[in-house]
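Trainee: I should be grateful for a close look at a single part of this model. Please set out how that part is built and then how it sits within the whole.

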Amino acid sequence: MTTEKTITLWIDGSKVTVPEGSTILQAADLTKINIPSLCYHPDLSVIGACRVCIVEVEGQRNPVASCSFPVAEGMKVKTSSTLLRRLRRDIVELILDNHPMDCQTCVRNGTCELQKLAYDLGVRERLFAGERKRIPVDKSSPVHRNPEKCILCGRCVRVCSEVQGVNNLNVQNRGFHNVVAPAHDSNMIDSVCIHCGQCVNVCPTAAFTEQDATETVFEALSNPDLHVVVHTAPAIRATIGEGFGFRVGTPVTGKLVTSLRMAGFHRVFDTNFGADLTIIEESTEFANRITKNEKLPLITSCSPGWVNFMERFYPELIPLTSSCKSPMSMLSTLLKTYYAQQMGIDPQKIFVVAVMPCTAKKFEASREEHKTPWGKPYTDAVLTTRELIWMLKCLGVDFANLEDGSFDSPLGVSSGAADIFGATGGVMEAALRTAYEKITGKELQSLDFDDVRGVEGVKETSIEVNGLTVNIGVANGLENAKRLLDCVVNGTKKYHIIEIMACPGGCVAGGGQPYPPKGMHVLDPQLARQRARALYSIDVNKSMRKSHENPAIELLYESFLGAPNSHLCHELLHTHYEPKSPRGVK
Amino acid sequence: MKSELVKKDREKAAAALSASTVGYIEECLRKKSPNSYLISVLHKVQNEFGYLGMEHMDAVSVLMQIPSAKVTGVASFYHFFTFSPRGKHRVSLCMGTACFVKGAGKVLDKLQELLGIKVGETTDDGLFSIDVARCVGACALAPVMIVDEKVYAGVKPAQVAKILADYGYDAKKARK
């Protein structure tokens, strides 16, 4: 830290010293006063749109927005007074006035920040009446947009541009006709949206939500003709506990498995198996490319938000992106081929549900490339972590007190390398554990690649493999990824392998993960770090920590697939990409 | 790694605008804050086509490398920009306080009735479009109607048909 200038001010009579340039709201964080706020988000730019965070400053004629008002030496701030209390209450009431009053039936009931504010600020009656905007819900894509519930705080606009670099959303039109929408007020599916769901995460209300798959899954479970199997992504075991009162970062794999059995799924498999398989296929692909010194760097393709981004923003990188399907799609494909064959079940009678931390996975499942020869998706339904939490609550499952169960064999067996797929850098670490041994034929001494761990936006390191220095890049959050990818496109840096995860922090902070508990916020690096820690703890406690040591994978190749990257592997486990329009502006 | 796709996108975008507009954009891109010229570019595009079509705004987005959601966000904020082709003759009615008090509302009703369109729309034959202005600063002449560049003062509903006839309005052909 440089010796920056500090400012001393008084907030409600307490003396506070903060760096120059801080805002009153930031300064108040150091006292024990929480100034209510709505459009403010600590990890996004400040726009001061909602005025809920107003405070009184001595010498200022009117209250000021504390989120954007800079501190000054000797400033005297009052965070509560009768005037402020009434003004804040009226501001929120005016927002509510233009809002559908359907809290009881709203998907954000209980997690809505507007609902909470209305309670906290004492909006107990409605004094104003006026016109209400009526705009249809956009259900065209996995990310639903309901402008009637939008309070124009602009968090989604900011996360979409500042964190994801997608810039799909902006406030369109003027005044009463203001609406947050893609260009030309178009539907999300016709826009440059990559379906990452970060807008869903930061939205204080239900203006952005995920497409609901719960009813489809409930129906499948009650259909006696269907064999319903489920598999859960690595990141779910690190986050689903939050929905049932567990502390952030508590791994609950065993309870998750038991709860899914109780929900009625016939088989409970692990997307981790798909992750191990992805590593085998991808590291083979990498070994081939590095031996031939062509199509480098190899860029991972597990993150569907990234794949969508790549097709719209960096179509020139298509040849470099791994042709491997994601773990979800690999496992779903195997369930309707290998597993169906082994079990003697008609694959058309198998209903595959995937529990994912992600809204873009819903889009991935619907892609033409991931459909069966008979035209149905390999993954029939994708549930987000949030959706599964609700389903289990609906079923009355006492999650916190469940006995630990274990995944069904053989598609539930996995290595520790698969568990860490849910954290940024995890896919890279897993790939390195296998690729190193594959290329050198030597055993890896230390399995922990600390340089690629952690929630920094871009991580870079190099390792020696057979005398060759392999340059590694890892990025999470697409605005960060751009920095890395522009180096590739412009040829300014030479990488051999790159991992990209669309969401900041990786899947643990994906667009389908639980809304954070009190005291934490979406995009909070601490949140991603603690959730990731749960995954690394599972990995370190497993005796099998390398994908290629997974006996179930070996068996799969021996009895079904042949060798890695075989013809059958290419047919079932690999995919292709196409440039998509509208093209995004990088 | 130069992408053919990026090149093609740019060529397609340039083809949607005139050479002079493309030249102007290139000139703007060389300036200090290129993005701040967006409004100025949109003005130029609207002057050229009479409106801002989706294809025009997308072309501006590609050439200026400003996300299209931002381009349409800016364009839809300003009353001046219009998104559908305007008529050959643009009829503008002042709805400022003075004009309104002196009966501009009734003139507008008549105008809409005769042309069979609403404010912001264009007749099927492409001859007329109607806009309303907030105040043209000629309150002494209220109510004021402007057709193209010509200002008509003290307009009464009964005079509207005659004024329009000077621009090719045919009462018999017009929609009921």
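The request concerns one helix, and the answer works outward from that helix.

Trainee: Which residues of helix 5 of chain B are buried, and against which elements do they pack?

Mentor: The model is a predicted one, and the description should be read with that in mind. Helix 5 of chain B runs over residues 68-77 and is mostly covered, with eight of its ten residues buried. The buried residues are Ser68(B), Ala69(B), Lys70(B), Val71(B), Thr72(B), Gly73(B), Ala75(B) and Ser76(B). These residues pack against helix 3 (38-49) and helix 4 (54-64) of chain B, and also against strand 7 of chain A. The surroundings of the helix can therefore be taken up in turn, beginning with what is oblique to it: helix 4 of chain B.

The axes of helix 4 and helix 5 of chain B approach to within 9 Å and cross at roughly 125°. Because angles over 145 degrees count as roughly antiparallel and 65 to 115 as roughly perpendicular, a crossing of roughly 125° makes helix 4 of chain B oblique to helix 5 of chain B. The crossing of these two helices is right-handed. On the side of helix 4 of chain B, the contact is made by Met57(B), Asp58(B), Val60(B) and Ser61(B). Helix 5 of chain B contributes Ser68(B), Val71(B), Thr72(B) and Ala75(B), each of which is also listed among the buried residues of that helix. A general point on helix geometry bears on such spacings: an α-helix has 3.6 residues a turn, so residues three or four places apart point the same way. By class, the contact between helix 4 and helix 5 of chain B holds four nonpolar, three polar and one charged residue.

Helix 4 of chain B also meets helix 3 of chain B. Here the axes come within 11 Å and cross at roughly 140°, and helix 3 and helix 4 of chain B are therefore oblique to each other. This crossing, too, is right-handed. Leu38(B), Val41(B), Leu42(B), Val45(B) and Phe49(B) of helix 3 of chain B meet His56(B), Val60(B) and Met64(B) of helix 4 of chain B. Val60(B) thus takes part in the contact with helix 3 of chain B and in the contact with helix 5 of chain B. The contact between helix 3 and helix 4 of chain B consists of seven nonpolar residues and one polar residue, with no charged residues.

The remaining partner, strand 7 of chain A, leads to the boundary between the chains. That contact takes 19 residues from chain A and 17 residues from chain B. Strand 7 of chain A, residues 170-172, supplies the largest share of the chain A side, namely three residues. The side of chain A that touches chain B has nine nonpolar, seven polar and three charged residues.

It remains to place these elements among the domains. The domain assignment of chain B gives domain 1 as 4-77 and domain 2 as 89-165, with their C-alpha centres 32 Å apart. Chain A is divided into domain 1 (6-80), domain 2 (93-210) and domain 3 (215-573). The centres of domain 2 and domain 3 of chain A, taken over C-alpha atoms, are separated by 30 Å. Between them, 19 residues of domain 2 of chain A are in contact with 23 residues of domain 3 of chain A. On the domain 2 side of this contact, helix 4 (155-163) and helix 5 (198-202) of chain A each supply at least two residues. Helix 5 of chain A gives the most to that side, with four residues. The residues of that side comprise nine nonpolar, eight polar and two charged.

A further helix pair, in chain A, may be set beside those of chain B. The axes of helix 9 (residues 271-292) and helix 15 (residues 426-440) of chain A come within 9 Å and cross at roughly 50°, which makes helix 9 of chain A oblique to helix 15 of chain A. Helix 9 of chain A passes helix 15 of chain A in a right-handed crossing. Among the residues making this contact are Ile279(A), Ile280(A) and Phe286(A) of helix 9 of chain A, and Ala430(A), Thr434(A) and Lys438(A) of helix 15 of chain A. The residues of this contact divide into eight nonpolar, two polar and two charged.

Conventions:
Residues are numbered from 1 along each chain as its sequence is written. Chains are lettered from A and ligands numbered from 1 in the order in which they are written. This is a predicted model: local features need pLDDT of at least 70, side-chain atom pairs count only at pLDDT 80 or more; totals for chains, interfaces and linings use all residues. Domain bounds come from an automatic or database domain assignment. Two residues are in contact if their C-beta atoms, placed from the backbone, lie within 7 Å. Ala, Val, Leu, Ile, Met, Phe, Trp, Tyr, Cys and Pro count as nonpolar, Asp, Glu, Lys and Arg as charged, and the others, Gly among them, as polar. A residue is buried if 20 or more other C-beta atoms lie within 10 Å of its own, exposed if 12 or fewer, and partly exposed in between; C-beta atoms are placed from the backbone. Axes are lines fitted to C-alpha atoms, for helices over the stretch in contact, and angles run from 0 to 180 degrees between N-to-C directions. Angles under 35 degrees count as roughly parallel, over 145 as roughly antiparallel, 65 to 115 as roughly perpendicular and the rest as oblique. A crossing is left-handed if the near helix is turned anticlockwise from the far one by less than a right angle, and right-handed if clockwise.
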